[in-house]
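Here are my notes on this model for your bench file. Please read them with the structure open.

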Amino acid sequence: MPLLGEQIAPRFDLAVEVLIAEGEAGGAVAGEPRIVLLPAASADALCALILKEGIGMVVCGAIEENHFQYLSWKKIRVTDRVIGPWRPALERALAGRLQPGEILREKPRGGSS
């Protein structure tokens, strides 16, 4: 997941932070997700990282058609046009319930008012 702070980056080609998480059966996160910092924003470098890490699914905001097609050709599932914080996107993606174009919100934390 290309990031901009706690949010999914609005554009794949401008992200310098990438969240990498591993899922396990049942949709839970296996271990602690990690964040990789790229030296510069580059869609080509991001695609290379995705292939190097053996990633099977990418969740992102806007992505150029040529990069979308390239990743799809490499058998990587791309869920694009996702807007919102990465935590609920990761939960939904691992559960197989994240759809392209979804707008997500962080679940409220703490007690009621």
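1. A cut-off first. A residue counts as buried when its relative accessible area is under 20%. Cys47 has 4% relative accessibility, so Cys47 is buried. Note that this is a predicted model.

2. Cys60 is buried too, because its relative accessibility is 0%.

3. How many disulfides does a search of the whole structure find? The search finds zero. A disulfide would need a pair of cysteine sulfur atoms within 2.5 Å. For Cys47, the closest cysteine sulfur is in Cys60, and the two sulfurs lie 9.5 Å apart. That is too far, so there is no bond between them. From the other side, Cys60 is in no disulfide either, and its nearest cysteine sulfur is that of Cys47.

4. Now the fold. The protein chain has three helices and six strands. Which pattern do they follow along the sequence? The order is β-β-β-β-α-β-α-β-α. Four strands thus precede a helix, and strands and helices then take turns up to a final helix.

5. Burial across the chain. The protein chain has 113 residues, and 37% of them are buried. Cys47 and Cys60 both count as buried.

6. Contacts. Take the contacts in the protein chain between residues at least 6 apart in sequence. Of these, 38% join residues at least 24 apart.

7. Surface. About 6,900 Å² of the protein chain is exposed. Carbon and sulfur atoms supply 53% of that area.

Conventions. Residues are numbered from 1 along each chain as its sequence is written. This is a predicted model: local features need pLDDT of at least 70, side-chain atom pairs count only at pLDDT 80 or more; totals for chains, interfaces and linings use all residues. Side-chain values use heavy atoms; hydrogens and water are left out. Buried means under 20% relative accessible area, exposed over 50%, partly exposed in between (1.4 Å probe, protein chains only). Helices (H or I, at least four residues) and strands (E, at least two) are DSSP runs, numbered from the N terminus. Contact means heavy atoms within 4.5 Å. Accessible areas come from the Shrake-Rupley method with a 1.4 Å probe; for residues, only the protein chains shown count as cover.
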